[in-house]
Amino acid sequence: MDPFDNAPETALAWHKAGKGAALATVVETWGSAPRQVGAQLVVSGEGEMEGSVSGGCVEGAVVLEAMEALENGAAKLLEYGVSDDDAFAVGLACGGTIRVLVEPIGAAMPADMLDKVVTARSSRSAVQYHVNTENWARSLTEEVSRQKSAFEEDGKTFKAVHNPPLRLAIVGAVHIAQALVPMARVAGFDPVVIDPRGAFGSEARFPGETILAEWPDEALTEYGLDAHTALVLLTHDPKLDDPALHQALKSDVFYIGALGSKKTHAKRVARLEEAGFSSEQIGRVHGPIGLDIGAKSPPEIAVSILAEMIQSLRRG
C-alpha cells in the first residue's frame with residue numbers, strides 16, 4: 001500500500017473504539033489522477049479523516065459517501081472523472097479519473113479480517129486482501145511475490161497488497177539524525193536510532209524516539225532487516241558503521257546510505273572488499289550519502305538523504 005501507510009491500523013483502532021470506520025481505497029486510475037492505486041483514506045463515524053485518495057481533489061465527496069456507507073453498512077464503488085459532472089464540482093484535475101472502493105468496517109469488511117491484516121503487518125509480513133466488487137466475497141492470502149495492488153484478470157476482484165510499514169534504522173545519533181528522524185516520520189517511515197555512545201543517543205537529544213544502545217550489529221540483529229527497511233550510517237566511525245554494513249549487505253533492505261567524503265567511501269569500499277563482499281553487493285551502498293543538492297547544514301543533508309531514500313523506494 002502507498003502512504004497513508006497506517007490506514008489499516010487507524011481504521012481498526014477507530015472501529016474498536018466504537019467510533020465506526022470506513023476504509024476508502026483507490027482501486028483504479030486513468031490519466032492524471034494524483035494518487036496511485038492502493039492509496040487509502042480512513043473516515044470515522046464522527047467525521048474524522050486520515051490519509052488521502054486524491055491529494056485533496058475528491059476527499060470531501062468521498063467522506064460524505066463514507067459517512068453514508070457507515071449508516072447503511074454497504075460497500076460501494078465510486079468513480080470520479082472528467083466525464084462526470086460531479087468531478088468538476090469537487091475539483092478533480094483535468095484528464096484524471098479514479099475509482100474508489102468504500103468499505104465500512106464490520107458491516108462490509110469483516111473486522112477480524114482487518115485485524116489479521118494489521119497483525120501480519122506488525123509481524124513484518126505482507127498479505128493480499130481480495131474483494132469481489134460484484135458479489136462482495138472477500139479473502140486473505142499471503143503475499144510472497146511483491147505484487148502491486150490492482151484488479152485481477154476477471155476485472156471484478158480487487159487485490160490490495162498490504163506490506164509491513166516502512167522503517168528507517170539510523171546508526172549514529174548525530175546532528176543529522178536529529179533532523180532526519182522527524183522528517184522521515186512525516187514521510188511515513190518509523191525511525192529508530194542506534195548508538196552505544198550514551199552522550200549521543202540520549203532521550204534529551206531524541207525526545208520520545210526509540211533509541212537502541214547496543215552495538216550496531218547486535219541491535220540490527222534484534223531489530224531485523226527486511227525489504228521495507230532503510231539503513232542510514234552517520235557515525236564516520238568504521239568500528240560502528242562497518243558491523244552494521246555487514247548486516248545490511250546480507251539482507252534485502254531497500255536502501256543503504258553511508259555518510260562520508262569520496263575519499264572516506266573509497267576506504268570503506270576497500271574494507272568491504274577485504275571482508276569478502278562482491279562489487280555488486282558493495283554497489284548497493286550509497287556513498288557519499290544523499291542526492292547531490294549542494295546540502296551543507298545537518299537539516300539540508302537530512303533532506304538529501306530522505307530524498308535519496310524515497311528515490312530508491314519508488315524507482316528501485
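**Getting to know V37 and the six-stranded sheet**

Colleague: Which loop holds V37 in this predicted model?
Modeller: Look for two strands, β1 at residues 21-31 and β2 at 40-44. V37 has its place in the loop between β1 and β2.

Colleague: Is V37 buried, partly exposed or exposed?
Modeller: Its relative accessibility comes out at 22%. Buried would need under 20%, and exposed over 50%. So V37 counts as partly exposed.

Colleague: And which residues does V37 touch, leaving aside neighbours within four places in sequence?
Modeller: Some carry numbers in the twenties: V26, V27, E28 and T29. The others in contact with V37 are S149, A150 and F158.

Colleague: How many Å lie between V37 and E274, C-alpha to C-alpha?
Modeller: In sequence, V37 and E274 are 237 residues apart. In space, their C-alpha atoms are separated by 45 Å.

Colleague: Let's move to the open sheet of six strands; which strands stand at its edges?
Modeller: The order is β12-β11-β10-β13-β14-β15, with parallel pairing. An edge strand has a single partner, so one side is left without a neighbour in the sheet. Those are β12 (211-212) and β15 (285-286).

Colleague: Which residue in β15 stands opposite G257?
Modeller: Strand β14 covers residues 255-258, and two bridges join β14 to β15, with the two running parallel. Opposite G257 you'll find H286.

Colleague: What angle does helix α5 make with β10?
Modeller: Helix α5, residues 175-186, packs on the sheet and touches β10, β11 and β13. Its direction and that of β10 make about 175°.

Notes:
Residues numbered from 1 in each chain as written. Predicted model: local features only at pLDDT ≥ 70, side-chain atom pairs only at ≥ 80, totals over all residues. Heavy atoms only, no water. Pairing = 2+ DSSP bridges. Helix = DSSP H or I, 4+ residues; strand = E, 2+ residues; numbered from the N terminus. Contact = heavy atoms within 4.5 Å. Axes fitted to C-alpha atoms, helices over the stretch in contact; angles between N-to-C directions. Buried < 20%, exposed > 50% of the residue type's maximum accessible area, 1.4 Å probe, protein only.
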